[in-house]
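Me: I've got a structure open and I'd like to learn how to read it feature by feature. Can you walk me through it?

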Amino acid sequence: MNAIVFLLLRLGIGISMFGHGLVRLPKLNAFSQWMVGSFAKSMLPAELVRPFSMVLPFAELVIGFLLLIGLFTEPALISGAVLVLLLLFGTAMVENWEAIPSQLIHLIFFAVLLQFIASNSWSLDKIFNRP
């Protein structure tokens, strides 16, 4: 993959993740309450949903930030993919089928970037000689 194409894709998914976390942090309690309410009729107990909903915005923010600056890119991509898989599971549990395509697109971005990680030339990883 061309290094500029990789950079553009990395920045795109980084902005998406960073933005998700950034807008949720100022309203963390409201977001958490909304999420717990959304899962009230699902098989997942509130005791699992509540901590996940409190950690989710921080995880999105950190993953997005690392992708934007290109530092620890491979671990950030793997973490992002695992996070999206967890979101997909939760989305299926509440039967929110409309949200699944968006989450699958995010997962495809993470998978493609992982496949072509060798093209990660424009990054802090390269400056610090990180693999």
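Me: Let's start with charge. How many positive and negative side chains does the chain have, and how far apart are the centres of the two sets?

Reply: Count each sign, then compare where the two sets are centred. This is a predicted model, and its chain carries 7 positive and 6 negative side chains. The centres of those two sets lie 7 Å apart.

Me: OK, what about the secondary structure of the chain: how many helices and how many strands?

Reply: Go along the chain from the N terminus and note each element. Here you get α-α-α-α-α-α, that is, six helices and zero strands. The chain is as compact as a globular protein of its length, because its radius of gyration is 16 Å, close to the 14 Å that the globule rule gives for 131 residues. Along the principal axes, the C-alpha atoms fill a box of roughly 45 × 25 × 20 Å.

Me: And contacts: what share join residues at least 24 apart?

Reply: Look at sequence separation. Among contacts between residues at least 6 apart in sequence, 75% join residues at least 24 apart.

Me: Now the inside. Which residues of the largest nonpolar core touch the most other members?

Reply: The general idea is that in soluble globular proteins, nonpolar side chains tend to be buried together. In this chain, 37% of the 131 residues are buried. The largest nonpolar core has 24 residues, and those touching the most other members are I13, M17, M35, L56, L67, L83 and F110. Helix 1 (3-24), helix 2 (28-38), helix 3, helix 4 and helix 5 each supply at least two residues of this core. Helix 4 gives the largest share, seven residues.

Me: Can we zoom in on one of them? What does L83 touch?

Reply: Skip the neighbours up to four places away in sequence, and L83 touches M17, F52, L56, A59, E60 and I63. M17 and L56 are also among the core members with the most partners.

Me: And the outside: how much area does the chain expose?

Reply: About 7500 Å², with carbon and sulfur atoms supplying 73% of it.

Me: Last one, backbone angles. Which residue in the loop between helix 3 and helix 4 should I check?

Reply: Scan for a positive phi outside glycine. F72 sits in that loop, between helix 3 (46-69) and helix 4 (73-93), and has a phi of about 55 degrees. F72 counts as partly exposed because its relative accessibility is 36%. E95, in the loop between helix 4 and helix 5 (100-115), also has a positive phi, near 55 degrees. With a relative accessible area of 55%, E95 is exposed.

Definitions and conventions
Residues are numbered from 1 along each chain as its sequence is written. This is a predicted model: local features need pLDDT of at least 70, side-chain atom pairs count only at pLDDT 80 or more; totals for chains, interfaces and linings use all residues. Side-chain values use heavy atoms; hydrogens and water are left out. Helices (H or I, at least four residues) and strands (E, at least two) are DSSP runs, numbered from the N terminus. The radius of gyration is taken over C-alpha atoms; the globule rule is 2.2 Å times the number of residues to the power 0.38. Buried means under 20% relative accessible area, exposed over 50%, partly exposed in between (1.4 Å probe, protein chains only). Contact means heavy atoms within 4.5 Å. Accessible areas come from the Shrake-Rupley method with a 1.4 Å probe; for residues, only the protein chains shown count as cover. Lys and Arg count as positive and Asp and Glu as negative; His and the chain ends are not counted. The place of a charge is taken as NZ of Lys, CZ of Arg, CG of Asp or CD of Glu. A nonpolar core is a set of buried Ala, Val, Leu, Ile, Met, Phe, Trp, Tyr and Cys residues joined through side-chain atoms within 4.5 Å.
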